[in-house]
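Reader: I'd like to go through this one with you and check what stands behind each label. Can we start with a side-chain pair?

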Amino acid sequence: MATYALELFEAVPALDCVYVPIGMGSGICGLIRTRDLLGLHTEIVGVVSTEADAFASSFEQNRIVTTETANTFADGMACRMPLPEAFEIIRQGAARVVRVSDPEIANAMRIFHEDTQHRRRCRCGGAGGVVAGARAPAGAQGGSGAQWRQYRPGAVCAGAGGSLKDPE
């Protein structure tokens, strides 16, 4: 996972913030370690589903918290029990972990599909939808968006398995 992190930071070196989905933590851990090794100051924000929020709860409580279920259709992010090694890296290196609902994930996936279908082939799995859903409210809070023009956010829309479970 550090390979895609290095490619991202080399392609866009002045990112202010990167939103990354969390499944078992390999993607976000790769971004954190690569950022640190490159001496960058990019803020790393983890994103989880509200239906699989063990990492968010763990981050908030500064200890590993498990959940009984992880019933999200973005099943690449369906983590009930954070790995201690990944949690420690995230705890030390992430700015925060945010939650996004399954309807927000589905809506973001729809927007990605509609926006890209005529220009290029693009597939957005549940993880990408989670990231887009997490970014949308932040940008929307800016009103005209003037204060966001100098802000360089990035979103990692891969990793976390990229698979979806049919909603029941």
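Author: Sure: the side chains of D102 and T72 are joined by a polar contact of 2.7 Å. Keep in mind that this is a predicted model, where local features need pLDDT of at least 70, side-chain atom pairs count only at pLDDT 80 or more, and totals for chains, interfaces and linings use all residues. Residues are numbered from 1 along each chain as its sequence is written, and side-chain values use heavy atoms, with hydrogens and water left out.

Reader: Why is the link between D102 and T72 called a polar contact?

Author: The term needs a pair of N or O atoms within 3.5 Å; within protein, one must be able to donate a hydrogen and the other to accept it, and residues adjacent in sequence count only if both atoms are side-chain atoms. The D102–T72 pair sits at 2.7 Å, so it meets that cut-off.

Reader: What makes D102 buried?

Author: Its relative accessible area is 13%. Buried means under 20%, exposed over 50% and partly exposed in between, with a 1.4 Å probe and protein chains only, so D102 counts as buried.

Reader: Which residues are in contact with D102, leaving aside its neighbours within four places in sequence?

Author: S49, T50, E51, N71, T72 and F73, where contact means heavy atoms within 4.5 Å. D102 itself belongs to helix 5 (residues 102–116); helices here are DSSP runs of H or I with at least four residues, strands are E runs of at least two, and both are numbered from the N terminus.

Reader: How do you know whether helix 1 and helix 2 are parallel, perpendicular or oblique?

Author: Their axes, which are lines fitted to C-alpha atoms over the stretch in contact, with angles from 0 to 180 degrees between N-to-C directions, come within 8 Å and cross at roughly 50 degrees. Under 35 degrees is roughly parallel, over 145 roughly antiparallel, 65 to 115 roughly perpendicular and the rest oblique, so helix 1 and helix 2 are oblique. Residues making the contact include Y4 and L8 of helix 1 and G30 and L31 of helix 2.

Reader: And what about helix 3 and helix 4?

Author: Helix 3 (residues 54–61) and helix 4 (residues 84–93) have axes that come within 10 Å and cross at roughly 55 degrees. That makes this pair oblique too.

Reader: How many disulfides are there?

Author: The count is 0, with a disulfide taken as a pair of cysteine sulfur atoms within 2.5 Å.

Reader: Are C17 and C29 buried or exposed?

Author: C17 has a relative accessible area of 0%, so it is buried, and C29 is buried at 9%.
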